[in-house]
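Okay everyone, thanks for coming. Let me put the structure up so we can walk through it together.

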Number of protein chains: 4
Amino acid sequence: MASSEQKQAGEQAGSKRRPGRPRCEHSRQATLRSTLKLLQKTGFADLTIEAIAADAGVGKATVYRWWPNKGALVVDAFASSAESQLHFPDCGSVYGDMSLQMNQFLRILHSRRGRIVSAVIAGGQSDAELIEAFRKRFLRPRRQEAYQTLRRGIERGELPQDLDLDLVLDILYGAIYMRFLIRHADLSERYINQVCRLVLDGASTIGRPLSKVKSQLRPTNGRKMQGALRN
Amino acid sequence: MASSEQKQAGEQAGSKRRPGRPRCEHSRQATLRSTLKLLQKTGFADLTIEAIAADAGVGKATVYRWWPNKGALVVDAFASSAESQLHFPDCGSVYGDMSLQMNQFLRILHSRRGRIVSAVIAGGQSDAELIEAFRKRFLRPRRQEAYQTLRRGIERGELPQDLDLDLVLDILYGAIYMRFLIRHADLSERYINQVCRLVLDGASTIGRPLSKVKSQLRPTNGRKMQGALRN
Amino acid sequence: MASSEQKQAGEQAGSKRRPGRPRCEHSRQATLRSTLKLLQKTGFADLTIEAIAADAGVGKATVYRWWPNKGALVVDAFASSAESQLHFPDCGSVYGDMSLQMNQFLRILHSRRGRIVSAVIAGGQSDAELIEAFRKRFLRPRRQEAYQTLRRGIERGELPQDLDLDLVLDILYGAIYMRFLIRHADLSERYINQVCRLVLDGASTIGRPLSKVKSQLRPTNGRKMQGALRN
Amino acid sequence: MASSEQKQAGEQAGSKRRPGRPRCEHSRQATLRSTLKLLQKTGFADLTIEAIAADAGVGKATVYRWWPNKGALVVDAFASSAESQLHFPDCGSVYGDMSLQMNQFLRILHSRRGRIVSAVIAGGQSDAELIEAFRKRFLRPRRQEAYQTLRRGIERGELPQDLDLDLVLDILYGAIYMRFLIRHADLSERYINQVCRLVLDGASTIGRPLSKVKSQLRPTNGRKMQGALRN
DNA sequence: ACTTAACCGAGACGGTACGTCGTGTCTTGCC
DNA sequence: GGCAAGACACGACGTACCGTCTCGGTTAAGT
């Protein structure tokens, strides 16, 4: 994926311009633009290079020259659309910060960009580079900021010190992704707030990684485990 | 999707056989079997109906006669294979039952059939009928059982009476789906147990739907109003 | 072709009715009727057994039970439509009789049955039985009568005694078939009259078979042949 | 039909190449060659584009890009193979020239290419474009030459000046086509010579169009009005 | 009246070819 | 040498008929 980046890096490394006409920036952007546009209409599986090239007024060979396959192109297009960074405020409570942040995410999912997110995740199920790009360009940056939010909560004493941050964030966001992808129930602001409250409340008491917890991991008998529910 | 079911249901409803030669059950099962077999090798996008028909020794038209598209076929195959695999035991505690069931699910996801789950969800992002079939044939039946598990917990007093069951289940399973689909962190037994503990613990205290909290329909019930319950 | 005939003959030969339900005459006629109907719309190549069966409200297997292939069915249908025998008058001159007879034929070709004639000839190009049936059921009966017409002309002295009748008839009717099949020029009554006159005039002088003619068949030199044109 | 010709003509007319890769002449000829080859084995109805493409080592889409249907392809193949085969010589007499040319045609019909002629005429009975292509690519060019042959005969005085050339040619060739297509009698060299003699003899005396006969435009010519000329 | 056997309609079956579409590669002439 | 245009070999698509095969039901002759 993102082959254009690599090739440009190659140019700079040689410190000498390649001969011939340099690549046409206009074509590149038209291609990315058309990719996003069509992706919102048709989904990843039905997206065709042919249609993108036609829509962009670009030769098919030009597309293949710069992107090795559909996934790489979609990744590039997706990354180039990461326009407005999300705002992670500090409003004094983990619940407030997280629910605000998650509601921003919700609005993205409900916007036209949401179709692209689902398309990228869908495509990523059969294209390792595509899902990797999704993680690197979309998930990770957001998560870095979410870490800060949770750490502030720990400092404030709202959350235990040895909290497994990824655990909490996967639970929180997993609840969103689930309804977003499977669409079996309403993905509303209210739902997000409920998720937030339940998970953060659970985290505030027992959210530490099990490795540091004294109790058994897997009780040999379900009956005996009953009492262990409260750790 | 799942057209064979519907047509057969139609027969039974009319209580009178349709005229003409009845469908060949042998072909149906050979088709489903080949679908599963090939899906484990190639992934959803590269799976072709042509290959399925050839592998099953079945005419292509026969496949199209009973399944409108690749997705419906895959869902049918998946559902028919996974139907009797996931049990919700009663071992005396919500945590025990849920973590056991979720670990069963985990094993499916990690088996070769896991590819099928991700394929169906991926395909469903651009095919409404496909994701609907996934919900109807796979998600919903299991969820019915999960409701029972949670209700037993309520009866035992482990969970509050007015708990929003779907909320809890979406949080629990969302955490699994997230790591399964985005693959950014290890989807281990340990992870599942942690999720289970955190979420059920959170649920045991504050997981009631807000609407019921505000209306206070049944004040005689032993519910404890949380001070933190706002928004 | 015409397998139904053969089977019925078989019944009679055994002088004992076969057990079981006898064949349904209604289905047979509906099939033939639909064959003619569709043949007028689509031509031989595009005619399908499936469409015939559907149009006739008859099972496909019933068609195959009684006719081994499309050609045989078309032959039967064509033969069953040989309703009105042509009228071969005796009006005192070969020209008068033949032109009248050919004009009757012209009207058939221009009617809806004309499409069937062309379809049968077309189909006959890749189905020996079909063209044989055309000869036997359509061409031969007409030719028998045409022989009479020409023989009357010979008796009257209008045509030479040793005239090759088939030669003359093939020239006369060939001119019609050519324009009918290739459709490069108008196939009109006037054209037929012209053909008739030219050919019969030619026949009246030199139409004897060459075997009885003294002159060389193939002159070794074209120059010398010039005078031989008049025999 | 014959689309390649037209498109190439279009190029030349615009005197400017179309953009994009030009068509591959090698593929075109391989396709035509395979068409002829297979047509001699299987007949028109059983000929498949799929087999042609496979035999020619050509993509099926490439065939469809240049020929709209099987018929057009067959006509193109036939025309391109028969173009330089039929010569109208000038050996000093109409009879000599015509019989020689008709015998050349006879040899074609009796060769393996004869199957192609009958296939095209057969296909043309349910495909107007196919028979039109046959006329344009095969019949018309040859007829132009035949006109010359007959006109030479007129100049030499062998045939009357106001002879209807198409009438004579349709009678001559119709006799061939009839036996060729209906196959009810031997289509031999002897037959052709007989036809030739009879028809040309008939033409030499009365083959003028009736319209011109009645108007009597040029009474100086040595035409003998026939008493039998009525209707 | 009952059995028997062949008929019938409907339509599913394994196939084959259809004509279309998208893939990724290639060849042009222009820039 | 990049670029658009578009032809190319390839392969899967979803459809239409082929000729065969079950089905349940019908129709008569022979018991």
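I'll go from the overall make-up of one chain to some helix pairs, then to a few single residues.

Quick housekeeping. This is a predicted model, where local features need pLDDT of at least 70 and side-chain atom pairs count only at pLDDT 80 or more, while totals for chains, interfaces and linings use all residues. Residues are numbered from 1 along each chain as its sequence is written, chains are lettered from A and ligands numbered from 1 in the order in which they are written, and side-chain values use heavy atoms, with hydrogens and water left out.

So, what is the secondary structure of chain A? Chain A has 11 helices and 0 strands. Helices and strands here are DSSP runs, numbered from the N terminus: H or I with at least four residues for a helix, E with at least two for a strand. Reading chain A from the N terminus, you just get α-α-α-α-α-α-α-α-α-α-α.

How much of chain A is buried? Of its 231 residues, 52% are buried. Buried means under 20% relative accessible area, exposed means over 50%, and partly exposed is in between, using a 1.4 Å probe and protein chains only. Now contacts, meaning heavy atoms within 4.5 Å. Take the contacts in chain A with a separation of 6 or more: 69% of them involve residues 24 or more positions apart.

On to helix pairs. Two packed helices are described by the angle between their axes and the distance between the axes. The axes are lines fitted to C-alpha atoms, for helices over the stretch in contact, and the angles run from 0 to 180 degrees between N-to-C directions.

Pair one is in chain A: helix H5 (residues 70–80) packs with helix H8 (residues 128–156) at about 15 degrees, with the axes 9 Å apart. That makes H5(A) roughly parallel to H8(A). The cut-offs are under 35 degrees for roughly parallel, over 145 for roughly antiparallel, 65 to 115 for roughly perpendicular, and oblique for the rest. H5(A) crosses H8(A) in a right-handed way; right-handed means that the near helix is turned clockwise from the far one by less than a right angle, and left-handed means anticlockwise. Who touches whom? On the H5(A) side, the residues include Val74(A), Val75(A) and Phe78(A), and among those on the H8(A) side are Leu130(A), Phe134(A) and Phe138(A). By class, this contact of H5(A) with H8(A) has 8 nonpolar, 1 polar and 3 charged residues. Nonpolar covers Ala, Val, Leu, Ile, Met, Phe, Trp, Tyr, Cys and Pro; charged is Asp, Glu, Lys and Arg; the others, Gly among them, are polar.

Pair two sits in chain C. Helix H6 (residues 94–110) and helix H9 (residues 165–182) of chain C pack at about 25 degrees, with axes 12 Å apart. H6(C) is therefore roughly parallel to H9(C), and their crossing is right-handed. Among the residues in the contact are Met98(C), Met102(C) and Phe105(C) of H6(C), and Leu169(C), Tyr173(C) and Phe180(C) of H9(C). The split for H6(C) with H9(C) is 10 nonpolar, 1 polar and no charged.

Pair three goes between chains: helix H9 (residues 165–182) of chain A packs with helix H8 (residues 128–156) of chain B at about 130 degrees, axes 11 Å apart. So H9(A) and H8(B) are oblique to each other. The contact is made by Met178(A), Leu181(A) and Ile182(A) from H9(A), with Ile131(B), Phe134(B), Arg135(B), Leu139(B) and Arg143(B) from H8(B). That divides into 6 nonpolar, no polar and 2 charged.

Now for single residues. Is Tyr191(B) buried or exposed? At 2% relative accessibility, Tyr191(B) is buried, and it lies in helix H10 (residues 189–206) of chain B. Leaving out residues up to four places away in sequence, Tyr191(B) touches Leu167(A), Asp170(A), Ala175(B), Arg179(B) and Asp186(B).

Next, Arg183(A): its phi is near 55 degrees, a positive value in a residue other than glycine. Arg183(A) is in the loop between H9 and helix H10 (189–206) of chain A, and is partly exposed at 46% relative accessibility. In chain B, Arg183(B) has a positive phi of about 55 degrees and is partly exposed at 46%.

Last bit: how many disulfides are there over all chains? The count is 0, with a disulfide being a pair of cysteine sulfur atoms within 2.5 Å. For Cys91(A), the nearest cysteine sulfur is that of Cys196(A), 10 Å away. Cys91(A) is partly exposed, at 45% relative accessible area.
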